[in-house]
Amino acid sequence: MNRTIILGFFDALNRGNLGHLDKIVRPDLIQHYPKIADGRAAFRQYHAGLRDRNPDLRFSVKRTVAQGDLVVAHSHFVPKASDPGISKVNVFRLSNGKIAEHWEANEAVRPPGIGNDMFSTLSSPRISRPLPLATEAESERAGRAAFAEIINQPNDEIRRQALDRLIGDNTYYQHYPNVPNGKAALNQFIHDAFAVQPEYRANVKIVVAERDLVALVVHIEKLFDIENSVSFDLLRVRDGKLVEHWATGEEIPATSANPHTMY
């Protein structure tokens, strides 16, 4: 039900039917995206401005994760045909069939470079929807462990041991731009982050798990030259191990149109 409502939300945006938001968004919407004030009216105004500037815009939803009252949507937003677009992750909390709270992060699509594109599914089977190949508990446990034991671990040897436990001999497909596949590349990325900023930290704030997919909203402190940012990460899990990763991150601005954090 909640997933259907969110897919209908994106369909309405693609058709320019902003009146649909009056039906599915609460008037007192709690807004976490800094460019938008609280309330349904501000949410609608933001999307009206987006369409005015980009009359041919298109949201292509790549995958969703739904659990309880939360729905996560990973989409490719293309404002116009010549634009490579934006990787967008939205998190919605619904109450009685209406969107009551909203989080969002956006990142410009970059060429794959030495890594993979930001949207495709490469692990087998190449199906983007959540599959019954892991339980919600397994996926949440693996997702939380990825941050507790790998992402936040400054010790190279301890981190390598965790990588062997959580990835093992599986191929680890990486969609974070310009990071290659595999646990060695992930290990090097985290090593470099701590080398540049020993106070680097990734704080998990929200976890949404559905079957073999888990989505995490994370507050990132001191990653390279960025003081504060959010990362919306999605992971695919098999037998308690990580097999694929997508991420969309955005720097937290100094000011916001609403009083809430991005996470």
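Student: Is glutamate 149 buried, partly exposed or exposed?

Tutor: The general idea is to compare the relative accessible area with two limits: buried means under 20%, exposed means over 50%, and partly exposed lies in between. In this predicted model, glutamate 149 has a relative accessible area of 28%, so this residue is partly exposed.

Student: With which residue does glutamate 149 form a salt bridge?

Tutor: One looks for a side-chain nitrogen of Lys or Arg within 4 Å of a carboxyl oxygen of Asp or Glu. Here the partner is arginine 165, and the closest N and O atoms are 2.4 Å apart. The pair links distant parts of the chain, with arginine 165 in helix H5 (residues 156-166) and glutamate 149 in helix H4 (residues 136-151), 16 residues apart. Arginine 165 has a relative accessibility of 47% and therefore counts as partly exposed.

Student: Which residues are joined into one network by salt bridges that share partners?

Tutor: Asp22, Arg40 and Arg44 are joined in this way. Over the whole structure, the search finds 16 salt bridges.

Student: How should the bridge between glutamate 107 and arginine 110 be read?

Tutor: The distance and the accessibility of each partner are best read together. The side chains of glutamate 107 and arginine 110 meet at 2.6 Å, N to O. Glutamate 107 counts as buried because its relative accessibility is 12%, whereas arginine 110, at 34%, is partly exposed. Another salt bridge joins aspartate 28 to arginine 26, with the closest N and O atoms 2.9 Å apart. In that pair, aspartate 28 is partly exposed at 45%, and arginine 26 is partly exposed at 29%.

Student: In which direction do strands E2 and E3 run, and how many bridges join them?

Tutor: Paired strands are read from the bridges between them and from their relative direction. Strand E2 (residues 58-67) and strand E3 (residues 70-78) run antiparallel and are joined by nine bridges. For the register, note that threonine 64 stands opposite alanine 73 in E3.

Student: What lies between E2 and E3?

Tutor: The two strands form a hairpin with two residues between them. Glycine 68, in the turn, has a positive phi of about 60 degrees.

Student: Which residues lie nearest the centre of the largest pocket?

Tutor: A pocket may be described by its volume, its lining and the elements that supply that lining. The largest pocket holds about 510 Å³ of space. Its lining comprises 32 residues, and Tyr176, Phe189, Leu223, Ser231 and Asp233 lie nearest the centre. Two or more lining residues come from each of H4, helix H6 (183-196), strand E8 (213-223), strand E9 (226-238) and strand E10 (241-251). E10 gives the largest share, seven residues.

Student: How many nonpolar, polar and charged residues are in the lining of the largest pocket?

Tutor: The lining has 20 nonpolar, six polar and six charged residues.

Student: Which residues line the second largest pocket?

Tutor: The same three descriptors serve again. The second largest pocket has a volume of about 170 Å³. Its lining consists of Tyr33, Lys35, Tyr46, Leu50, Arg53, Phe77, Ile86, Lys88, Asn106 and Glu250. Helix H3 (40-53) and strand E4 (86-95) are the elements that give two or more residues to this lining. H3 gives the most, with three residues. By class, the lining of this second pocket has five nonpolar, one polar and four charged residues.

Note on methods. Residues are numbered from 1 along each chain as its sequence is written. This is a predicted model: local features need pLDDT of at least 70, side-chain atom pairs count only at pLDDT 80 or more; totals for chains, interfaces and linings use all residues. Side-chain values use heavy atoms; hydrogens and water are left out. Buried means under 20% relative accessible area, exposed over 50%, partly exposed in between (1.4 Å probe, protein chains only). Helices (H or I, at least four residues) and strands (E, at least two) are DSSP runs, numbered from the N terminus. Two strands pair if DSSP finds at least two bridges between them. On a 1 Å grid over the protein atoms alone, a cavity is a set of points where a 1.4 Å probe fits but cannot get out, and a pocket is an open set with protein on both sides within 12 Å along at least five of seven lines; lining residues have an atom within 4 Å of a point. Grid points are joined across faces, edges and corners, and a volume is the space filled by probe spheres set on the points. Ala, Val, Leu, Ile, Met, Phe, Trp, Tyr, Cys and Pro count as nonpolar, Asp, Glu, Lys and Arg as charged, and the others, Gly among them, as polar.
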